[in-house]
Amino acid sequence: MEGESFARQSQLKTHQVIHTGEKPYHCLYCEKRFSTNGSLKLHERTHTGEEPSQCLYCEKSFAQQSHHQTHQTIHTGEKPYFCLHDKYFHLKVHEHTHTGEKPYCCSHCEKSFTTNSGFKLHERTHTGEKTYQCLHCEQCFSKSFHLKVHERSHTGEKLYNCSVCGKSFTKV
């Protein structure tokens with residue numbers, strides 16, 4: 001049986017905890033234990049709120065580099081998954097457009113959805129959940145778009161102009 005080889009003894013010791021199940025690193029804030037120091041540090045950020053990885057394009061910060069990289073694709077337009085039907089897109093969701101599959105089914109009504117996010121958004125129509133709260137007042141909304149439109153009433157921002165008279169409005 002051929003095993004793994006390591007250049008440093010410290011790397012071997014880190015690897016061996018996989019086999020022993022040992023978790024020598026414990027969280028300062030809760031009871032959780034981890035097999036690597038790196039895993040512990042990532043976990044502790046959930047307690048401290050530390051988000052060292054900041055987006056170059058906007059103000060968002062992230063606790064984990066992988067979440068930052070995923071977010072960056074919003075700005076770069078990168079679409080890393082290649083569709084078998086010659087289109088770049090998020091592969092699984094895109095392939096549903098070819099198969100017609102809608103795997104997310106509502107338990108309250110007959111509707112089904114191709115994406116989990118679409119399904120979750122729909123579910124709020126049944127539960128009445130309103131997760132988006134205005135920073136200026138106590139009003140809550142089920143969709144982020146509705147919150148953005150509402151917030152314009154506080155900022156006075158008017159994005160829509162009449163092509164005839166030039167008067168501006170906060171919503172269409």
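Hi everyone, let's start with one residue: Arg152 sits in helix H6, which covers residues 144–155. Please keep in mind that we are looking at a predicted model.

So, is Arg152 buried or exposed? Its relative accessibility is 10%, and because buried means under 20%, Arg152 counts as buried. What does Arg152 touch, once we set aside neighbours within four places in sequence? The contacts are Glu157, Leu159, Tyr160 and Thr170.

Now let's move to another helix and a serine. Ser117 belongs to helix H5, residues 116–127. Here the relative accessible area is 55%, and since exposed means over 50%, Ser117 is exposed. If you'd like a distance to check on your screen, take Ser117 and Ser144: they are 27 residues apart along the chain, and their C-alpha atoms are separated by 13 Å. Ser144 also falls within the residue range of helix H6, 144–155.

My third stop is a lysine in a loop. Lys60 lies between strand E3, residues 53–54, and strand E4, residues 61–62. With a relative accessible area of 49%, Lys60 is described as partly exposed, because the exposed class needs a value over 50%. Which residues does Lys60 contact, leaving out those within four places in sequence? They are Ser53, Gln54, Cys55 and His71. For the His71 partner we also have a spacing: Lys60 and His71 are 11 residues apart in sequence, and 9.1 Å apart from C-alpha to C-alpha.

Let's zoom out to the whole chain. In total there are 6 helices and 10 strands. The C-alpha trace spans about 80 × 45 × 35 Å along its principal axes. The radius of gyration is 24 Å, whereas a compact globule of 172 residues would have a value near 16 Å. Among contacts with a separation of 6 or more, residues 24 or more positions apart account for 0%. Buried residues, Arg152 being one of them, make up 17% of the 172 residues.

A word on the surface and the charges. The accessible surface comes to about 13700 Å², and 51% of that belongs to carbon and sulfur atoms. There are 22 positive and 18 negative charges, and their mean positions are 7 Å apart.

Finally, how confident is the predictor? The mean pLDDT is 81, and 92% of the residues reach 70 or more. Where is confidence lowest, and where is it highest? The lowest mean is 75, in helix H4, residues 91–99, while the highest is 90, in strand E1, residues 25–26. As a general caution, predicted coordinates should not be read in detail where pLDDT is low.

Thanks for listening, everyone!

Note on methods: Residues are numbered from 1 along each chain as its sequence is written. This is a predicted model: local features need pLDDT of at least 70, side-chain atom pairs count only at pLDDT 80 or more; totals for chains, interfaces and linings use all residues. Side-chain values use heavy atoms; hydrogens and water are left out. Helices (H or I, at least four residues) and strands (E, at least two) are DSSP runs, numbered from the N terminus. The radius of gyration is taken over C-alpha atoms; the globule rule is 2.2 Å times the number of residues to the power 0.38. Buried means under 20% relative accessible area, exposed over 50%, partly exposed in between (1.4 Å probe, protein chains only). Contact means heavy atoms within 4.5 Å. Accessible areas come from the Shrake-Rupley method with a 1.4 Å probe; for residues, only the protein chains shown count as cover. Lys and Arg count as positive and Asp and Glu as negative; His and the chain ends are not counted. The place of a charge is taken as NZ of Lys, CZ of Arg, CG of Asp or CD of Glu. pLDDT is the predictor's confidence in each residue, from 0 to 100.
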